[in-house]
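Me: I should like to examine how the structural labels in this model are justified. Please set each value against its criterion and then conclude.

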Amino acid sequence: MNNQQPTPTHLRLLLWLLPGLVLLLLIIVPLPKPLFDDPTSTTLRAADGTLLSATLAADEQWRFPASDSVGFKFLQAVRLFEDEYFYFHPGFNPVSLFRAAWHNFRAGKILSGGSTITMQTIRLALKNPPRTYSQKLLEILTAVKLDLLYSKREILILYTDHAPFGGNIVGLQAASWRYFGREPQQLSWAETAFLAILPNQPSIGAHHLHPDYFLQKRNRLLDKLADRGYLSTDALFLAKQEALPEALKPIPQLAQHLLFRAMAEGQTGRNVITTLDPRLQSEARRRVNRYSKKMAANEIHNAAALIIEIATGNTMAYIGNVDTPAENSPWVDLVTARRSPGSLLKPVLYTAALDEGLILPQELLPDVPLIYQGFSPKNFDKKYRGAVPADQALASSLNVPFVHLLREYGYEKLHQKLQDLGLKSLDQPAGHYGLSLILGGGETTLWEVSALYAGMARAYFNFPRRPLNRGYSALDYHSNYYLKNTFGGLDVPLEKDGLLRAPSLGFTFRAMQQLRRPEDESGWQIFGSARPIAWKTGTSYGFRDAWALGLNNRYVVAVWLGNADGEGRAGLTGILAASPLLFDLFELLPGDAAFEEPFGSPVQICTQSGRHASPSCPQVSAINLPDYLREGALCENHPLLHLDAESQYQVNSSCYPVDKMLTKSWFVLPPVQAWYYRKYHTSYIEPPPFLPGCGDENAALSLALIYPRQFTRVFIPLEQDGQPGRVVFEAAHQQAQAVIFWHLDEQYLGQTMAPHQMAVSAVKGRHTITLVDDKGAELHQVFEVINTVK
């Protein structure tokens, strides 16, 4: 038999071929691309990184998004437990493999795989295939390739992010929160060691079922860490005294509604870093929930709140709803839900009217009945005051004066301005809302209206810091932000005129500090000594929504209360339901609301009418007005009356000697305004009547209809017996003793003395009502009956 022995040449050839063969295998063996494509949880964090909320991944696992590092303690613990020579081998450790093979051979079964951290990472990427010798060889080759293409740091991060920690917990971050309720960097050595041993045998079951087993493994690892100098003798003793975690801890859910909003806006599966302040978020949430529990006694089950930093627009606290039973829809994010804002838009109209010189800050606005295209606004207390200074109308949140103002300003213009200011939810044509726009006839969101108030505050507070041309920044008005590093700063060209001018805003904010409320809204006085802020409330029709928004020089706080299903409740008003929570939240915030005198120079104003003083105004005061308000119409409420020598009658040159006439300034309001005004102002005195025989050239001006107004459409119902019903018309006269004679279509109806009310019935169609007083003054008004009376 010819036994040919290998020659040195053959051996050299084999030595050359083996590395080539290994290299070829490394090239052929593929790495999974990507290594891991598992879905991840969406996590929401505060600006400082604090975890606020998280959701399960799409596969129902707690698997946090990729981390960027591995903490020192866990790095040392997992390395000593799993792969002490991790930094020295090329992806596999031959000594460990040989030792594992020897132990398995002696035991007659697989006890150990000898896998390195790199090899375990490959197994995780391959979804833990069956353990076979061929699979082990594949893992070794793939691990070597991984080690060649990735740094040791990257491999460690991949392992810690995807290692199993029992149940549906994957990755160190999720494990740290589920077992200990803290970030990995905040764990003790004992806690870290416990987590380091879990991936080794995650299939053994819950650790609390085998406490002794896991305790022994953890303590052996602590001994090893102490041997390497990471723990002192005392620290080792104390670490071993720490008990194992008894139960899994819940993931924080401090901003769940913002988390779901971020996911809906494209942030699913990401680590969302927000602008929220963790302390403010936690305490504001606690206070909103505490207050909501009190309101639940009145069947008011939902609430939402925002805290916005004015300078940046950053959201510091976001409470989308409260912890309430499922039947009350706690999952609805009421920060973004469209609701009727009630009176919250009145400050915008007040400011816009000032901007255009339509009114002065304290000018009288009519507070008398108004019917316009079927819309008949009422004040909250169902009363009319005749005439009210504009700033007091805003502070008192009176509805009727602002509807009169909107009619003069134009609801189309206000609708466009509100859209320009960011209220994009007002997406219907202006005619859809009409005059009801100022009383909550449209819908907006807490997110939008808080951004509006923050923009108004920025326009005011930034104005003095701008260059000498006192321009306005286009970025004063922008949406709130909740994602960190969104704000772009204010370095943009300045414009001559802004959407709302800073001096006008100054008057608005000062009016919002006056804290005047109708007496029927009792309870507002308790806030008089509270932290000073400028604030506004809103109540929607039917008591479905209660709002309160306030601001100081640093923050805007916005609050909403109600029911998610829109059910109204008695007492669900801005002042009674929302304001207490608003002031409670402001207790958490620094800042003041010292709104200085608005920019400008002193101008003489008529004290009673609030308009530019005329020579006949008896009392004037000086207020600072900007240039665009320094010129305007003079007061017309103080005409000069010619009186007889005893000041009992008005006279003229046709009936009284000129040399005996007295000329006196007299405060006069239009008849309807005067009729209501004198109920609240006993000092108001009507002008004296004309001396008998002296004609009243302005007699017609002393007589006015309260209802119906010109071209009003009137509905007259049928009575229960089918007979035509009646509607009550009402008039006002400057002279308290005047007699009015009523005529319908030239047919006499009757006469009245104060109060001047007449019951009228008419058929469908257009009619004319005629009033004649006992001095011969006449008033004609057209109205239309829109129903058919049989």
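Me: What do the buried residues of α15 pack against?

Reply: In this predicted model, the buried residues of α15 pack against α13, β8 (364-367), α14 (390-395) and α16 (411-420).

Me: What makes helix α15 (residues 399-409) mostly covered?

Reply: A residue is buried when its relative accessible area is under 20%. Nine of the 11 residues of α15 are buried, namely Asn399, Val400, Pro401, Phe402, Val403, His404, Leu405, Leu406 and Tyr409. The description of α15 as mostly covered rests on that count. Just after this helix, Gly410 takes a positive phi of about 110°.

Me: How do you know that α13 and α18 pack, and how is their packing described?

Reply: Two packed helices are described by the angle between their axes and the distance between the axes. For α13 (residues 346-355) and α18 (residues 446-462), the angle is about 35° and the axes are 11 Å apart. The crossing of α13 and α18 is left-handed. Contact requires heavy atoms within 4.5 Å, and on the α13 side Pro347, Val348 and Thr351 meet Leu452, Tyr453 and Met456 of α18. By class, this contact has five nonpolar residues, one polar residue and no charged residues.

Me: Why is the pair Cys655 and Cys694 called a disulfide?

Reply: The criterion is a pair of cysteine sulfur atoms within 2.5 Å. The S to S distance between Cys655 and Cys694 is 1.4 Å, so the pair meets the criterion. The structure holds one disulfide. Cys655 lies in the loop between β17 (640-643) and β18 (662-665), and Cys694 in the loop between α21 (671-680) and β19 (703-707), so the bond ties together parts that are 39 residues apart in sequence.

Me: Why is this disulfide called right-handed?

Reply: The torsion about the S-S bond of Cys655 and Cys694 is about 100°, so the disulfide is right-handed.

Me: Why are Cys606 and Cys617 not called a disulfide?

Reply: The sulfur of Cys606 has its closest cysteine sulfur in Cys617, at 3.3 Å, which is too far for a bond. Cys617 is accordingly in no disulfide. The limit for a disulfide is 2.5 Å.

Me: Which of these four cysteines are buried, and which are partly exposed?

Reply: Buried means under 20% relative accessible area, and partly exposed means between that value and 50%. Cys606 has 1% relative accessibility, so this residue counts as buried. Cys617, at 9%, is therefore buried, and Cys694, also with 9%, is buried as well. Cys655 has 24% relative accessibility, so this residue counts as partly exposed.

Me: What makes β1 and β2 a pair, and in which sense do they run?

Reply: Pairing requires at least two bridges between the strands. Strand β1 (residues 43-45) and strand β2 (residues 51-54) have three bridges and pair in the antiparallel sense. Arg45, for instance, has Leu51 in β2 as its bridge partner. The two strands form a hairpin with five residues between them, and Gly49 in the turn has a positive phi of about 95°.

Me: Why is the pairing in the sheet that holds β1 called mixed?

Reply: Strands of a sheet pair through backbone hydrogen bonds, either parallel or antiparallel. β1 pairs with β2 in the antiparallel sense, whereas β1 and β5 pair in the parallel sense over three bridges. In β5, Asn271 is the bridge partner of Thr43. The three strands form an open sheet in the order β2-β1-β5, with mixed pairing. The edge strands are β2 and β5 (271-273), since each pairs on one side only. Neighbouring strands of this sheet are turned by 20° against each other on average, direction ignored.

Me: How do you know whether Ser329 and Ile157 are buried or exposed?

Reply: The limit for a buried residue is under 20%. Ser329 has a relative accessible area of 18%, so this residue is buried. Ser329 is placed in the loop between β7 (315-319) and α13, and touches Asn302, Asn321 and Ala564, not counting residues up to four places away in sequence. Ile157, at 9% relative accessibility, therefore counts as buried. Ile157 is found in helix α6 (residues 152-162), and its contacts, with the same sequence exclusion, are Ser67, Asp68, Ser69 and Val70.

Conventions
Residues are numbered from 1 along each chain as its sequence is written. This is a predicted model: local features need pLDDT of at least 70, side-chain atom pairs count only at pLDDT 80 or more; totals for chains, interfaces and linings use all residues. Side-chain values use heavy atoms; hydrogens and water are left out. Helices (H or I, at least four residues) and strands (E, at least two) are DSSP runs, numbered from the N terminus. Buried means under 20% relative accessible area, exposed over 50%, partly exposed in between (1.4 Å probe, protein chains only). Axes are lines fitted to C-alpha atoms, for helices over the stretch in contact, and angles run from 0 to 180 degrees between N-to-C directions. A crossing is left-handed if the near helix is turned anticlockwise from the far one by less than a right angle, and right-handed if clockwise. Ala, Val, Leu, Ile, Met, Phe, Trp, Tyr, Cys and Pro count as nonpolar, Asp, Glu, Lys and Arg as charged, and the others, Gly among them, as polar.
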